[in-house]
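Q: I'm new to reading protein models and would like a close look at one helix end, then a walk from there to other helices. Please explain the terms as you go.

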Amino acid sequence: MESKRKRTEEHRPAPFSLPKGEGVARILSSVRWTDVAGFSLCQTWNILCVALPDPITYTSPFLDLRWVSLATTLVLMVLAVLLQRRTQELLKRRAFLYGVGIVAASGSILGPLSALYPPASRALIYVAAVFVGVGFACLFLLWFVRFCRTRDMMGLAISVVATALLTYPLANMLSSDQVSHWISAAIASVLPLASVLFARAEPRDATALAPVADVPPAKKRRVFLRYCACLFVIIGIIETVRNLLLGGTALVFYAGAANLGGLALKVACSAWLLTIFDAHDARGVSVVYRTAFVLLLGVVLCIPYLLEGTWFAHTLLDISAFFFQLVMVLVAFEISIGFSLNPVLVFGAARGVWAAAALAGIVLSNACRAWGAEAVQLLAVLLGIAVAVVFTFAFTDRDCVDILSSLPAPVHTPRFKTKCERLAQRAGISERELEVMVLTAKGRSATRIAEDLNVTLATVNSHVHHIYQKLGVHSRQEMLDLIENEQLAG
C-alpha cells in the first residue's frame, strides 16, 4: 500500500509555475516565423471573408452565401479524411498550393467583379462562394499539417495570436467609410496568395522526440470522437450567439476601442496558455480547460445582455471564442502527435466539424430570430445545458491531461538536459551515468550507447542498472516520467 502511494506521488502532475525570461526566449527562438506569418495571413483572410459587411457579394439584392462556402469546406474535409495519403501528397506539391491560393484569391475578388456583368452576377457570386470554401479547407489544412511536421506547437499557437493582432488594424481600416469595397476585396484577395508564398520553403526536420508508451487504438478513437463532439457543440453555440448579436458577422466586431481592450486580454491569455502547454503542466491544463468552460457558460448566460449590445457581454463573447479556439487548436495538435495520428485526419476532421458547426449556428440563429424573444430565452437555457454536458461528460479536463501525458517530450533541448542534470544530482548519479541516462532517455539502444561512449555493452548495462536503482524505477518509461516531473529552479 505504501509503495503504491509513493508511486502515485511520483507521477502526480507538477504544480504550475511560469517560466522565467529564458523560457520565453527559448520558445520564441524555436518558432519558425515564416510559418507563423503564413498561417496568420490565412486566418486573417478567413475572418475578412466572413466579417466584411457583405461577405461574398457587393451587388443588390444582398445574398449571404456563407452557407455555400461552409458546405464546400465540409465536403472537401470529408474527402480529405477519406483520402488521407492522397491529400498529404497533394499538400506537398507547389503547383497544387499555388492553385489553391489563386482559387481563394479569386473567390475574394469575384464578388465586386460580378457587379460589372449583371447577367452573370448571380452565377459568379455562387462561384465566388465555392472558391472561398476551397480556401477555407485547403489553406488551413496545409498549415495545420505543416506545423505537425515540424512539431512546432508554439508556432501554431503564436500564429493564432498574431492573427488577432493583424486583424484589429485591418478591421479598423476596412470598417471606415473611406475604404471602398474594391479596396476591401483587393486586400482580401492578396492575403491567401501571400500565405501560399510563405509555404514555398520546405519545413525543417521535425524535432527529435522521446518515444512514449503506445496508446490503445480504442482509446485514441474514443477520445478523438469526444473531442470532435465538444468542438461541434461549442463552435455551434459561439456562431449562434454571434449571429444573434450581429445578424451575421460584421467587421465592426473586430474593430473599435472596446475590441482594443479585448485584444490586450487575448494577448495576456495567450501568454498564459503558451507557458502552460510548453511546460507540459497537467494541473495548469486542467485549470485552462475549466476556465474555458466558465467563460463559455458566461456567454450563454449573458445572451440577453448580448442582444442589448452591452460592451461587457460583447467582449466576453470575443474573449471566450478566442480562448476556446486556441485551447482546442493546441489539444488537436497534441492528439495528432501524442496519439501518432495522421494530421490530415485530425485537422481535416476538426476543420470539417468547424464548418458543420458554423452552418448549424447560422440555421439556429435564423430560426430563433423568426420565432421571437421567447425562443431566444429558451435557447439560452438549452445552450447552457449543452455547455455543461459537453464539458462534464463528453470531453473533460481529464481528457486534456491524458492527451498531454501521451505527448512526447523534446529531448534535444537545454530544458530536457537541465532536468536530467538536476535529477541526477539529487539521486547521486555520476557524470558517466548521467551521459548514459540522457542517451537512454533519447531512445538509444545499449549497443549504440556503447559505441558512442567507446565502452563495452556490459558497462552500459551496468550503468543502466545502477541508474534505475538510484532513481527507484524499473523501466525507461518510468525514468522519462521522473525527468518530465522534475522541477527547474526559479
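A: Let's start at the N-terminal end of helix α22, where Ser475 acts as a cap: one of its side-chain oxygens is 3.2 Å from the backbone nitrogen of Glu478. (Helices are DSSP runs of H or I with at least four residues, numbered from the N terminus.) Keep in mind that this is a predicted model, in which local features need pLDDT of at least 70 and side-chain atom pairs 80 or more, while totals for chains, interfaces and linings use all residues. Residues are numbered from 1 along each chain as its sequence is written, and side-chain values use heavy atoms, leaving out hydrogens and water.

Helix α22 spans residues 476-485, and its Met479, Leu480, Leu482 and Ile483 are buried (under 20% relative accessible area; exposed is over 50%, partly exposed in between, with a 1.4 Å probe and protein chains only). Those four cover an arc of only 160° around the axis, so they sit on the same side of α22. (The arc uses the directions from the helix axis to the C-beta atoms.)

Now move to helix α14, residues 311-338. Its 28 residues reach 40 Å from first C-alpha to last, close to the 40 Å expected at 1.5 Å a residue; the expected span is 1.5 Å times one less than the number of residues. Of these 28 residues, 25 are buried, so α14 is largely enclosed by the rest of the structure. Just after α14, Ser340 has a positive phi of about 55°.

Helix α14 also leads us to a salt bridge (a side-chain nitrogen of Lys or Arg within 4 Å of a carboxyl oxygen of Asp or Glu). Asp318 pairs with Lys266 in this way, their closest N and O atoms being 3.2 Å apart. Asp318 belongs to α14 and Lys266 to helix α11 (residues 256-278), so the pair ties together parts that are 52 residues apart in sequence. Both Asp318 and Lys266 are buried.

For another pair, look at Arg290 and Asp397, whose side chains meet in a salt bridge at 3.6 Å, N to O. Arg290 lies in helix α12 (residues 282-301) and Asp397 in helix α17 (residues 397-406), so this bridge joins parts 107 residues apart in sequence. Arg290 counts as partly exposed at 46% relative accessibility, and Asp397 is partly exposed at 22%.

The structure holds seven salt bridges. One of them links Asp35 and Arg32, with closest N and O atoms 3.2 Å apart, and both residues are buried. Arg32, Asp35 and Arg146 are linked in a network of salt bridges.

Terms used
Helix = DSSP H or I, 4+ residues; strand = E, 2+ residues; numbered from the N terminus. Polar contact = N/O pair within 3.5 Å; in protein donor to acceptor, adjacent residues only side chain to side chain.
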